Amino acid sequence: KSSRRRFAEYRQNLKTKSRTQPEAGESPRAATTAKSRSTGQLLREFLQLLRGETWPLIFALATLTVATIVRLGPPLATKIVIDNVLTDRPLPDWWTQDWQLPTDRYQVVYLVGGAIVVLSMVATLIHLAGRWFATKSVNRLQASIRRRVFSHAVRLPLHRVYQLKSGGATSLLRDDAGGVADLVFSLLYNPWRAIIQLLGSLAVLAWVDWRMMLGGLLLA
């Protein structure tokens, strides 16, 4: 037989052996179930990867919560303008007695408009601070995962490295490892913002008019 043919048979035997036999130190059951993990197992593995970034992510989620709540101020300000400026209803007691703010309609509009601008700026600054921490955590997590993937790849047997080829190894280091880190935004950051915004909007609607809140829930 030629050397090329013997090498082809050797590769075929290795492929057959890798499909039917577990690797060294691995049980047969683990070899058959390694590629089929449940959602809970994958979620636990993902949370374990975040151990080194726990406090930055908590700070990012906390600032996101505060910024989202502060941004719910404009609807409340709109209620004051509609109920107490455009109509003849008296201003609430907390406006006139507790805070002793001006009661002139034009001054009320100026105060409400200025408060909306200030709240929007404060919410933007808080949101940017939390986003910066979240982005730094994602970058550190990407670098850590890529180092772990590269360290694992250089220890693979020669036939496994040959199966990956250069494009496969590059895809693992660049796309797959980067995609795991991007889950911080798609699985934690953005869903958390949506939940806080939904609950806050329902609370504002309940304060403005509980019937409007029920109507919004029914339409949703």
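**Figure 1. Leu47 and the nonpolar surface patch.** Leu47 sits in helix H3. The model shown here and in the following views is predicted. Leu47 has a relative accessible area of 46%, so it counts as partly exposed. Leu47 joins Leu43, Leu183 and Leu187 in a nonpolar surface patch. The area of this patch is about 320 Å². Two elements each give two or more residues to the patch: helix H3 (39-49) and H8.

**Figure 2. The largest nonpolar core.** This core holds 14 residues. Leu50, Ala134, Val138, Leu141, Val184, Phe185 and Tyr189 have the most contacts inside it. H4, helix H7 (105-153) and helix H8 (158-208) each supply two or more of the core residues. H8 gives the largest share, with five residues. In soluble globular proteins, nonpolar side chains tend to be buried together.

**Figure 3. Phe185 and its contacts.** Neighbours within four places in sequence are left aside in this view. Phe185 then contacts Arg131, Ala134, Thr135 and Val138. Asn190 and Pro191 also touch Phe185. Apart from the largest core lies another one, of seven residues. Ala77, Val85, Val108 and Val112 are among the members of this other core.

**Figure 4. Helix H4 from end to end.** H4 covers residues 54-70. How far apart are the end C-alpha atoms of H4? They are separated by 24 Å. The helix has 17 residues, and at 1.5 Å a residue it should span 24 Å, so the two values agree. The buried residues of H4 are Pro56, Leu57, Ala60, Thr63, Leu64, Thr65, Ala67, Thr68 and Val70.

**Figure 5. Thr63 within helix H4.** Thr63 is one of the residues of H4. Is Thr63 buried or exposed? Its relative accessibility is 10%, and the cut-off for buried is under 20%, so Thr63 counts as buried. Not counting residues up to four places away in sequence, Thr63 touches Ile126 and Gly130.

**Figure 6. Lys79 and the residues it meets.** Lys79 is placed in helix H5 (residues 73-84). Lys79 is partly exposed because its relative accessible area is 22%, and partly exposed runs from 20% to 50%. Which residues does Lys79 contact, leaving aside its neighbours within four places in sequence? Asn84, Trp207 and Val208 are in contact with Lys79. Lys79 and Trp207 are 128 residues apart along the chain. Their C-alpha atoms are separated by 9.9 Å.

Key
Residues are numbered from 1 along each chain as its sequence is written. This is a predicted model: local features need pLDDT of at least 70, side-chain atom pairs count only at pLDDT 80 or more; totals for chains, interfaces and linings use all residues. Side-chain values use heavy atoms; hydrogens and water are left out. Helices (H or I, at least four residues) and strands (E, at least two) are DSSP runs, numbered from the N terminus. Buried means under 20% relative accessible area, exposed over 50%, partly exposed in between (1.4 Å probe, protein chains only). Contact means heavy atoms within 4.5 Å. A nonpolar core is a set of buried Ala, Val, Leu, Ile, Met, Phe, Trp, Tyr and Cys residues joined through side-chain atoms within 4.5 Å. The expected span of a helix is 1.5 Å times one less than its number of residues. Patches are made of residues with over 30% relative accessible area and no salt bridge: like charges are joined within 9 Å, nonpolar side chains (Val, Leu, Ile, Met, Phe, Trp, Tyr) within 5 Å. Accessible areas come from the Shrake-Rupley method with a 1.4 Å probe; for residues, only the protein chains shown count as cover. A salt bridge is a side-chain nitrogen of Lys or Arg within 4 Å of a carboxyl oxygen of Asp or Glu.
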